[in-house]
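Walk through this model in two stops. The first is a small piece of sheet, and the second is the ligand and its surroundings.

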Amino acid sequence: MTLTATKSSLEEMLDSLRRRDGEKPKDLPPSLPTRPTSKARLPRARRALPDNLKVDDVNVKGHRRKGSFGNKKMKIDVESPYIVKSEEKIMSEELPQCPVPKSANSTASVSPPPGELEHDNVAYYIKKKLNVWCRQPKGKWELGTIQSTSGEKASVSLLNGNVMKVSRLELLPANPDVLEGVDDLIHLSYLNEPSVLHNLQFRYSQDIIYSKAGPILIALNPFKDVHVYGNDLLSDYRQRTIDSPHVYAMADAAYNEMIRDEVNQSIIISGESGSGKTETAKIAMQYLAALGGGSCGIENEVLQTNFILEAFGNAKTSRNDNSSRFSRVVQLANGERSYHIFYQLCAGSSPDLKERLNLRMASEYKYLNQSDCMTIDGVDDAKNFHQLMKALDVVRMSKEDQEHVFKMLAAILWLGNISFNAADNENHIEVVEDEAVTTAASLMGCSSQELMTALSIRKIQAGKDTIAKMLTLRQAIDTRDALAKFIYANLFDWLVEQVNKSLEVGKRRTGRSISILDIYGFESFQDYELDGVDWTKVDFDDNQECLDLFEKKPLGLLSLLDEESNFPRASDLTLANKLKQHLNANPCFKEEMGRAFSVRHYAGEVLYDTNGFLEKNRDPLPSDSIQLLSSCTCELLQLFSKTLNQSQKQSNSFHAGSLDSKKQSVGTKFKGQLFKLMNQLESTTPHFIRCIKPNTKQLPGIYDEDLVLQQLKCCGVLEVVRISRAGYPTRMMHQEFARRYGFLLSEVNTSQDPLSISVSVLQQFNIPPEMYQVGFTKLYLRTGQIAALEDKRKQFLHGIVGIQKCFRSHQARSRYHELKNGVKTIQSFIRGEIDRRNYGVMLKSSITISSEKIEEINAVIVLQSVIRGWLIRRHIKGKDRFKIYPENARPRRKSRSKIPEVKVIYYTHLIFEISTKLNTYFLKVLIL
Ligand SMILES: Nc1ncnc2c1ncn2[C@@H]1O[C@H](COP(=O)(O)OP(=O)(O)OP(=O)(O)O)[C@@H](O)[C@H]1O
């Protein structure tokens, strides 16, 4: 398969963009002011620092704390999200027609993408000495100012001092300095290629690797540690004290939407090999794991799973030392390695394990030594093997299962070493019975003979008879390799299943999930129309025709491939002819010479050679091999063959008669998996991250403009920004919108109808009508609108919480004082009593006093009792009157007890009072 991204198709795409830009959708302002209507000055590029600026407020690496000065994002915190702050107003007054965004939320004022300089505009640009982008002969863009024009030519003075004459078509408007390095491309006044590239480069040069392109997060691979991760930043993003673009912010948005809308989410990460998808996925996982429960250890578990998945799923390629790869067990190119796990196992297993697996050095296995590359600079395979063992323990894989996994890996390596001898003159072979066969067979749990038969003979059903046919060398090698690939693929799937099982705790708790995957998708605009929305249609490159080319039935490429795979006499040439015959009418298909054809994909044109298509599409694992696997004593192999049989039965019930009644083609399997994935995705809210590789050398600090531009175009980032500005990317059901924002209404809406509540909310906050569309079922909002409402909602909730706090604290304080006073009274009462009772003892224990003093105290106590007795006797006559009787022990002679209970309490108080006074008196005496 050769990739030929022809210039013509890219140019065509660019032209279509230009043509569209020329049409200028009616809801968008012109690309440049035709005439200045204000004499006001342009905004200064650098504003003076405010007096109250604190150094802490301005973060390095583009991490802007909310409300801090010095960031590029034009977002401001204002009372109403739709009221423009004075400074911003001045800016827009100064540039009445130049579309500088008023705020992050007001996107209607931005212009459409690249437009050539119009005649009127050129005069304005010359007069105001405004910067323009000027294309250099080699295609690079340079900043400069137009000095003069003559016909279609313009004389441009470049920043480096050179003056050059260029066609006006080679000039594009540049953004004002104030927009340099904005964190969302959507805020650029001019969304032309050089402006976008410059903006990303400006940020990249300051190690700000994340930017937004409307709803998409762009991540430029820094190829170095840029210190923008870790627990501190993680909690900053969680608490929303930082809102600059970051994977954390996107993961946080996904998490919040999952909780808010009760809908599963997906984070879809796309990009070229080596652009940083895996790293980005890990960063997102790190954030979600920390949210999901750092306390119960799941964070560590999630991060450990990465180690397992990378060991088994990644390999070194020429583009990336740690590339996620498929199917590279049996074939390797020079400079590349097979999956890391094979090298780790050979380098790091203990002598015991080595002996059990009869393991050799990596260089002794043919599956590994066909490439000249055995090690990776800076990577220690043995150390990584020990880390892998720990990770397997963390995901609770039993030692027995771990042993099974290592056995399967060793079996694969030994299978690769099996060789064949010619058996006759007809190119038939027989297996060489050597150490490779015996070890592979013993690791798999079958006899050497069984394995040798499966690799050299194929049984064919002819009516009721079974005929044994000897294999040719090619067939035998294919069978051996297919067996190795099958075992590895199933082992990997099984591992993923084990890992998922061990992580399922979280899912059981919430019932919701966030999936992270490497794929790219497009927005569908159909539902706008279905919902009765009158909107300015945004033209965009739809790849439906290309999708039809592949999967339309009965005459799609995959169906035709399956059909041809069923013809015994079919060849790759007959397949190519069939494709040309049936698919020529599709504009995405192009005939080529011989067995070749081209497909016009969204990203560019790809030339395909049908060589080997049929063989690869047929089921690569013969039924003899499947039988062998099911008879092996190794539990994992039995499980794999059982799973294979089940999936074949299932697919046969769905696709009866599609291929031969037993086998499912690779194409059909792939299509089935893709549809399953799409179905899963469709039930989620997607969040897109586009990873960009700034250079092919895998080095920091190098920004290759052409390479970046190509990647931006291939995945349609510029399209998405343009569509986001012109479209309504946020949709919400009226019920949902009313439930979430209805309470913000200052007047109660009597109708209680969600649609009218939604409209009242929009009106209350003066959302301009061009910022939304009201559908039958949903509300459609332009970019940034929901964020503004969310801010408003948050402010409102803060206010409510503030009032609640005040009221509750007042309540709590009053209650506290009441209790405190009560406690004080009881305490003083009890303490007095205790003090009185223990007075002598306390004195003895805590103060060192002489025996004379003790005698003195005793004398005082005696005196006290005498005085007390006298005082009481003087006040009250009759000793029974002073007794406090328990409830159930009242005196029998009630007639003699005439004092009411109140009086008893009074007297008791009196006694206490007197004795307290006496105590105080005597204490004073003692201290003196
Ligand atoms: N955010 C980042 N910070 C620092 N280095 C990074 C970052 N992202 C990627 N890299 C570097 O780039 C290399 C390649 O990244 P990664 O393996 O994630 O690419 P990929 O897109 O997954 O590639 P493939 O498709 O081949 O699997 C990493 O090994 C790492 O050195």
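Two strands count as paired if DSSP finds at least two bridges between them. Keep that cut-off in mind for what follows. The model is predicted.

Start with strand β22, residues 772–774. This strand pairs with β23 over three bridges, in the antiparallel sense. That passes the cut-off of at least two bridges. Two of the facing residues can be named. Q773 has Y780 of β23 as its bridge partner. Y772 has L781 of β23. The link between β22 and β23 is a hairpin of three residues.

Now look at the other neighbour of β23. Strand β21 covers residues 730–733 and is joined to β23 by four bridges. These two strands also run antiparallel. Here M732 stands opposite L779 of β23.

Put the pairs together. The result is an open sheet of three strands, in the order β21-β23-β22, with antiparallel pairing. β21 and β22 each have a single partner strand, so they stand at the edges, and one side of each lacks a neighbour in the sheet. From one strand to the next, the twist averages 15 degrees.

Which residues of β23 are buried on each side? Side chains in a regular strand alternate between the two faces of the sheet. In β23, residues 778–781, K778 and Y780 lie on one side, and L779 and L781 on the other. All four are buried, so both faces of the strand are covered, where buried means 20 or more other C-beta atoms within 10 Å of the residue's own.

A helix also meets this sheet. Helix α27, residues 734–741, lies across β21 and β23. Its direction is at about 90 degrees to that of β21.

Now move to the ligand. How many residues surround the ligand? There are 19, and the closest are S273, G276, T278, E279 and S323. Two elements give two or more residues to this shell: α7 (277–293) and β11 (323–324). Helix α7 gives the most, with three residues.

The make-up of the shell can be read by class. It has 11 polar residues, four nonpolar and four charged.

Where does the ligand lie with respect to the domains? Domain 1 is built from 7–130, 174–271 and 696–726, while domain 2 spans 297–517. Both give residues to the shell, so the ligand lies between them.

How values were computed. Residues are numbered from 1 along each chain as its sequence is written. This is a predicted model: local features need pLDDT of at least 70, side-chain atom pairs count only at pLDDT 80 or more; totals for chains, interfaces and linings use all residues. A residue is buried if 20 or more other C-beta atoms lie within 10 Å of its own, exposed if 12 or fewer, and partly exposed in between; C-beta atoms are placed from the backbone. Axes are lines fitted to C-alpha atoms, for helices over the stretch in contact, and angles run from 0 to 180 degrees between N-to-C directions. Two residues are in contact if their C-beta atoms, placed from the backbone, lie within 7 Å. A residue is near a molecule or strand if its C-beta atom, placed from the backbone, lies within 6 Å of it. Ala, Val, Leu, Ile, Met, Phe, Trp, Tyr, Cys and Pro count as nonpolar, Asp, Glu, Lys and Arg as charged, and the others, Gly among them, as polar. Domain bounds come from an automatic or database domain assignment.
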